There are 2 protein chains.
Amino acid sequence: MISMRSKYGLKALAYMARTKGKDSFLIADIAQAEGIPKKFLEAILLTLKNNGILSSRKGPGGGYSLAKSPAALTIGAIVRSFEGDLAPVQCLSETQQSSCPECLDENTCGIKLVMADVASAVAAILDNVTLADMLQKSEFERQKRTQVVDFAI
Amino acid sequence: MISMRSKYGLKALAYMARTKGKDSFLIADIAQAEGIPKKFLEAILLTLKNNGILSSRKGPGGGYSLAKSPAALTIGAIVRSFEGDLAPVQCLSETQQSSCPECLDENTCGIKLVMADVASAVAAILDNVTLADMLQKSEFERQKRTQVVDFAI
DNA sequence: GTAGAAGTCTACATGAAATATAGATAAAAA
DNA sequence: TTTTTATCTATATTTCATGTAGACTTCTAC
């Protein structure tokens, strides 16, 4: 299960990417629009900034902006900002060279061998889907549903 | 990240499957062999029994046995016993019809659409790898490493 | 039929992590 | 220099994973 942080982060970014005609956003506005606790969102946006996904300006007229275009932001990079890793077990961490504390022989650990396949499958998906792709999927789904309703009426 | 429960469960099952010439195992022996806290392992094996993966007999000469052959036990079924689900978000649960508490419009939620792909990729792997496969991967790796050492000497 | 071996159940302890909240501080613009 | 906005530090709360203790039940062998 991914954390609320990741979900809130994705929601905030999706909101920013989808709102045309604005490039700077106030924490309070995003929080309100997406139903995210404001103080919690503060910390989340800060994390995204520290990971190079958002940029910010203080003072009047300031706020947060996307550091790159939605088509250049992968879901993998966003989720990693919060989860630290996509690895299903510690010994497969992408960022630290660490082994699972309980493992007796990491070299031949069957769990690790199986989970390595899972890890690369997950990474292959999340690193090849961008924020723009996610919005497009969502929009496509919305269109499909509106049409169904139209026909029904 | 998968839980310690899942890892300990997999380790215990792997131990039972790999130990030839025995079909009934004492909790204490498994705990000792795999370095798992005994009382914790009790609860874990009980979960596996309740999920039809192990069977047990009480009394002298009793113990736990695999309910099916290792080739008939998928890693997916084992992990699900502990995690309840393989879903990366609540709204994709395989077992409950539930939505994510924070979701404003689940029908067009981009996160859900992307994570659905992740969920099926993970399930495709774990439901097609058996306990026997896992042992075989492990053994193959062990052989490979022993050979390397032999050559080095 | 009873003694002891083994699994089963209930309850709780503990610690860490996720999820927030409060309030002070710093920077920028007008 | 006042207002607006992000940023930082600290802390509260809750939940969950991990693990322990001890009583209880069931079974087998003798």
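**Two-fold arrangement and the DNA-facing surfaces**

In this predicted model, a turn of 180° with a shift of 0.0 Å along the axis lays chain B on chain A at an RMSD of 0.1 Å. Copies are superposed by least squares on the C-alpha atoms of residues with pLDDT of at least 70 in both. The relation is therefore that of a two-fold axis. B:Ala121 has the C-alpha nearest the axis in chain B, 3.3 Å from it. Both copies use the same surface: 100% of the contact residues of chain B recur in chain A. Contact requires C-beta atoms, placed from the backbone, within 7 Å.

Because the model is predicted, local features need pLDDT of at least 70 and side-chain atom pairs count only at pLDDT 80 or more, while totals for chains, interfaces and linings use all residues. Residues are numbered from 1 along each chain as its sequence is written, and chains are lettered from A and ligands numbered from 1 in the order in which they are written.

DNA strand C has 23 residues around it. A residue is near a strand if its C-beta atom, placed from the backbone, lies within 6 Å of it. A:Ser3, A:Met4, A:Pro37, A:Lys39 and A:Gly59 come nearest to strand C. Helix H1 (4-18) and H3 of chain A, with H3 and strand E2 (63-66) of chain B, each give two or more residues to this surface. Helices (H or I, at least four residues) and strands (E, at least two) are DSSP runs, numbered from the N terminus. H3(B) supplies the largest share, 4 residues. The surface near strand C divides into 10 nonpolar, 7 polar and 6 charged residues. Here Ala, Val, Leu, Ile, Met, Phe, Trp, Tyr, Cys and Pro count as nonpolar, Asp, Glu, Lys and Arg as charged, and the others, Gly among them, as polar.

Around DNA strand D there are 24 residues, of which B:Ser3, B:Met4, B:Pro37, B:Lys39 and B:Gly59 come nearest. H3 (38-50) and E2 (63-66) of chain A, and H1 (4-18) and H3 (38-50) of chain B, each supply at least two residues. H3(A) gives the most, with 4 residues. By class, the surface near strand D has 10 nonpolar, 7 polar and 7 charged residues.

Within chain B, the axes of H1(B) and helix H2 (residues 27-34) come within 10 Å and cross at roughly 105°. Axes are lines fitted to C-alpha atoms, for helices over the stretch in contact, and angles run from 0 to 180 degrees between N-to-C directions. H1(B) and H2(B) are therefore roughly perpendicular, a label for angles of 65 to 115 degrees. B:Lys11, B:Ala12 and B:Tyr15 of H1(B) meet B:Ile30, B:Ala33 and B:Glu34 of H2(B). The residues of this contact comprise 4 nonpolar, no polar and 2 charged.

How values were computed:
Contact = placed C-beta atoms within 7 Å. Parallel < 35°, antiparallel > 145°, perpendicular 65-115°, else oblique.
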